[in-house]
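Work through the following exercises with the sequence and the model side by side. Each begins with a task sentence and continues with a solution in steps.

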Amino acid sequence: MGHASGSALYKAPKTTASRDQGAFRTNFNFPGRNRPDHGDHGYGPLSTVVESFMDPGTLIPMHRHRDEEIVSWVPAGAMRHDDGEGNRLVTDADRLMIMNAGSGFRHSEETLADDPPLRMLQIFVRPHDLGLEPGIQHEPLPDPVANEWRHLFAPAGTDHPLTVRNAVHCYDLRLDAGESVGLPESGGSTADTGGWDVYFYVFEGAVEAAGRSFDRAESGLWTGGPTPTLTATEDAVVVAFRLDPEAPITRQGTIGR
């Protein structure tokens with residue numbers, strides 16, 4: 001896929017790719033579907049952004065992933081992880097978890113009966129090579145600052161404490177109604193992201209960008225040129241990915257193919 005020429009903002013409506021397993025429900029958002037006639041459901045190294053719901057007292061039994069980077073972003077509530085390797089981790093609003101599945105990684109996910117209902121994003125990134133060393137990262141996040149992007153993770157080889165093994169930076173934003181901020185322009189001091197594109201997902205609320213409106217669970221893909229400004233038409237929570245659409249990718253992940 002060649003890089004788009006010029007600047008464009010592509011909007012996707014709420015996904016219809018959903019799976020209802022009762023206490024566990026998922027909505028699959030495919031960044032490549034924002035682009036008309038794009039032959040890949042993913043967009044470069046960003047394969048899938050899954051909105052996941054778990055009722056209190058739900059267990060997803062031990063299962064295996066391979067050849068994908070899986071990021072768990074939990075803005076409220078708690079997701080409880082067990083991988084049978086001594087890692088029993090709680091991911092919540094204060095922590096981010098990345099499973100670098102590589103050649104293979106097993107885990108279970110759980111909410112306790114007294115946990116609140118959980119709504120989170122599970123982000124699937126395609127690694128640059130197959131069969132990489134598996135591992136897990138679970139780190140505290142800096143406190144969010146209203147109307148400012150918070151840098152959640154970066155490509156491996158940068159100085160960010162949380163990394164994925166391809167050319168993707170991720171940010172979140174809590175934007176007050178009436179406030180404006182540009183989409184992320186730079187991945188940080190150690191990365192040259194000139195010419196990279198930005199995919200964003202509205203987790204809560206509503207925003208406008210380049211004359212278009214985006215409501216909860218809608219997404220936009222910006223290609224080429226200086227990024228536009230987001231303006232919140234109501235209090236909003238947005239997650240954005242700045243990525244290299246030309247990065248080398250693999251497509252053999254368990255879910256994030």
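**Exercise 1.** Locate leucine 141 in the predicted model, decide whether leucine 141 is buried or exposed, and list what leucine 141 touches.

*Solution.* Begin with the secondary structure, where leucine 141 is found in the loop that runs between strand 12 (135-140) and strand 13 (150-155). Next, take the relative accessibility, which is 12% for leucine 141; because buried means under 20%, leucine 141 counts as buried. Then turn to the contacts: once residues up to four places away in sequence are set aside, leucine 141 touches Ala93, Asp94, Arg95, Leu96, Arg150, Leu152 and Leu162. As a last step, a distance may be added, since isoleucine 70 lies 71 residues from leucine 141 in sequence, and their C-alpha atoms are 17 Å apart in space.

**Exercise 2.** Find how many cavities of 30 Å³ or more there are, and describe the lining of the largest cavity.

*Solution.* The principle comes first: rolling a probe the size of a water molecule over the atoms shows where empty space is left. Applied here, the count comes to 1 cavity of 30 Å³ or more, and the volume of the largest cavity is about 30 Å³. Its lining includes Leu141, together with Trp73, Val74, Pro75, Asp92, Ala93, Arg95, Arg150, Asp172 and Arg174. Sorting this lining by residue class gives 5 nonpolar and 5 charged residues, with no polar ones.

**Exercise 3.** Characterise the largest pocket by volume, by the residues closest to its centre, and by the strands that supply its lining.

*Solution.* The volume of the largest pocket is about 310 Å³. Of the 18 residues lining the largest pocket, Arg19, Phe24, Thr26, Phe28 and Ile255 are the closest to its centre. Looking at the strands, at least two lining residues come from each of strand 3 (24-29), strand 4 (46-54), strand 5 (59-65), strand 6 (69-73), strand 10 (105-110) and strand 11 (118-125). By class, the lining of this pocket divides into 8 nonpolar, 8 polar and 2 charged residues.

**Exercise 4.** Determine whether the radius of gyration of the chain agrees with that of a compact globule, and set out the chain's overall contacts and burial.

*Solution.* For 257 residues a compact globule would have a radius of gyration near 18 Å, and the chain, at 17 Å, therefore agrees. The chain has 0 helices and 20 strands, and 75% of its contacts with a separation of 6 or more join residues 24 or more positions apart. Finally, buried residues make up 54% of the chain, while carbon and sulfur atoms supply 47% of the roughly 10600 Å² that the chain exposes.

Technical notes: Residues are numbered from 1 along each chain as its sequence is written. This is a predicted model: local features need pLDDT of at least 70, side-chain atom pairs count only at pLDDT 80 or more; totals for chains, interfaces and linings use all residues. Side-chain values use heavy atoms; hydrogens and water are left out. On a 1 Å grid over the protein atoms alone, a cavity is a set of points where a 1.4 Å probe fits but cannot get out, and a pocket is an open set with protein on both sides within 12 Å along at least five of seven lines; lining residues have an atom within 4 Å of a point. Grid points are joined across faces, edges and corners, and a volume is the space filled by probe spheres set on the points. Helices (H or I, at least four residues) and strands (E, at least two) are DSSP runs, numbered from the N terminus. Ala, Val, Leu, Ile, Met, Phe, Trp, Tyr, Cys and Pro count as nonpolar, Asp, Glu, Lys and Arg as charged, and the others, Gly among them, as polar. The radius of gyration is taken over C-alpha atoms; the globule rule is 2.2 Å times the number of residues to the power 0.38. Buried means under 20% relative accessible area, exposed over 50%, partly exposed in between (1.4 Å probe, protein chains only). Contact means heavy atoms within 4.5 Å. Accessible areas come from the Shrake-Rupley method with a 1.4 Å probe; for residues, only the protein chains shown count as cover.
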